[in-house]
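Subject: Structure handover

Hello,

Here is the structure you will be working with. Please open it beside this email and look up the residues as they come up.

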Amino acid sequence: MDEPALLPWDRQPKESDRAYSYFAIYRDMGRTRTVAKVATEVHKSRDYLHKLASQWRWVHRARAFDTEQDRLYGELLGERRKDMAERHARIAAALQGKIVARLQSLDAQKLTPSDIARWLEVATRVERLALGLPDSTTAHTGPDGGPIQAEVAEMPEDARAAFFRALVAEAQQRAGVHNGRESGDDDEEEPDEPPSP
């Protein structure tokens, strides 16, 4: 029987138990890991642990470990989504059966005009969703409510740059973002461009 393949985050050939235990601490710290944190935790010098980290390629091995953990999480998430979709489908089917039975007992003559309008809206929405169509749309329009029009190709370079800066500023304003920050951020604003050297 074949030996299982050695994975990067496993103990490597000739890697001592102690060196591997330090790597395992580093690996298990997650994406905020640093050699300095390991040094503090195990009461060893940073220089010593940096040498071990370099010799045993901690960064590469930890990155491979993270990638595998992401893959496993993705698989788990996929399974949970599948289970959720199946559960929701069963619930929806049971509920639909009850709704259909109730609808069949309704006397259309007793529905008010607003009841009819609401039932039509719901039925149309359900039908659109069942066909994979959106139940609503969002559009961006120009100032007159019509389409956004811009003859950008014919603009000189400086006018084109100014046009796009104004466009970005308007989009940020509508989104409640100023200088790349959401409204309400308390941090000081950063300058648009770094100072010249």
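Below is what was found in it, going from the overall layout to the pockets, the surface and the salt bridges.

Please keep in mind that this is a predicted model.

Overall layout

The protein chain contains six helices and two strands. Along the sequence their order is α-α-α-α-α-α-β-β. The chain has 197 residues, and 15% of them count as buried.

Pockets

The largest pocket has a volume of about 300 Å³. It is lined by 11 residues, and those closest to its centre are Thr141, Ile148, Leu167, Glu170 and Arg174. Sorted by class, the lining of this largest pocket consists of five nonpolar, four polar and two charged residues.

The second largest pocket has a volume of about 260 Å³. Which helices supply at least two residues each to its lining? They are α4, which covers 58-105, and α5, which covers 113-130. The greatest share comes from α4, with six residues. Among the residues that line the second largest pocket are Ala92, Leu95, Gln96, Trp119 and Val126. By class, this lining has nine nonpolar residues, one polar residue and no charged ones.

A patch on the surface

Some residues named in the lining of the second largest pocket, including Leu95 and Trp119, turn up again on the surface. Leu95, Ile99, Leu103 and Trp119 make a nonpolar surface patch of about 360 Å². Helix α4 gives the most to this patch, with three residues. Trp119 belongs to helix α5. Is Trp119 buried, partly exposed or exposed? Its relative accessibility is 39%, so Trp119 counts as partly exposed.

Salt bridges

How many salt bridges does the structure hold? There are 10. Three of them are described here, starting with a pair from separate parts of the chain.

The side chains of Asp66 and Arg33 form a salt bridge, with 2.8 Å from N to O. Asp66 is in helix α4, while Arg33 is in the loop between α1 (17-28) and α2 (35-42), so this pair ties together parts that are 33 residues apart in sequence. Are these two residues buried or exposed? Residues under 20% relative accessible area count as buried. Asp66 has a relative accessibility of 10%, so Asp66 counts as buried. Arg33 has 12%, so Arg33 counts as buried too.

The side chains of Arg71 and Glu68 also meet in a salt bridge, at 2.6 Å from N to O. Both residues lie in helix α4, three residues apart, which is about one turn of the helix. Arg71 counts as partly exposed because its relative accessibility is 40%.

The third pair is Glu157 and Arg160, whose closest N and O atoms are 3.7 Å apart. Both are in helix α6 (residues 157-175), and because they are three residues apart, about one helical turn separates them. Glu157 counts as exposed, at 56% relative accessibility, whereas Arg160 counts as partly exposed, at 25%. Elsewhere, salt bridges with shared partners join Arg31, Arg33, Asp66 and Asp70 into one network. Arg33 and Asp66 are the pair described above, with 2.8 Å from N to O.

Regards

How values were computed:
Residues are numbered from 1 along each chain as its sequence is written. This is a predicted model: local features need pLDDT of at least 70, side-chain atom pairs count only at pLDDT 80 or more; totals for chains, interfaces and linings use all residues. Side-chain values use heavy atoms; hydrogens and water are left out. On a 1 Å grid over the protein atoms alone, a cavity is a set of points where a 1.4 Å probe fits but cannot get out, and a pocket is an open set with protein on both sides within 12 Å along at least five of seven lines; lining residues have an atom within 4 Å of a point. Grid points are joined across faces, edges and corners, and a volume is the space filled by probe spheres set on the points. Ala, Val, Leu, Ile, Met, Phe, Trp, Tyr, Cys and Pro count as nonpolar, Asp, Glu, Lys and Arg as charged, and the others, Gly among them, as polar. Helices (H or I, at least four residues) and strands (E, at least two) are DSSP runs, numbered from the N terminus. Patches are made of residues with over 30% relative accessible area and no salt bridge: like charges are joined within 9 Å, nonpolar side chains (Val, Leu, Ile, Met, Phe, Trp, Tyr) within 5 Å. Accessible areas come from the Shrake-Rupley method with a 1.4 Å probe; for residues, only the protein chains shown count as cover. A salt bridge is a side-chain nitrogen of Lys or Arg within 4 Å of a carboxyl oxygen of Asp or Glu. Buried means under 20% relative accessible area, exposed over 50%, partly exposed in between (1.4 Å probe, protein chains only).
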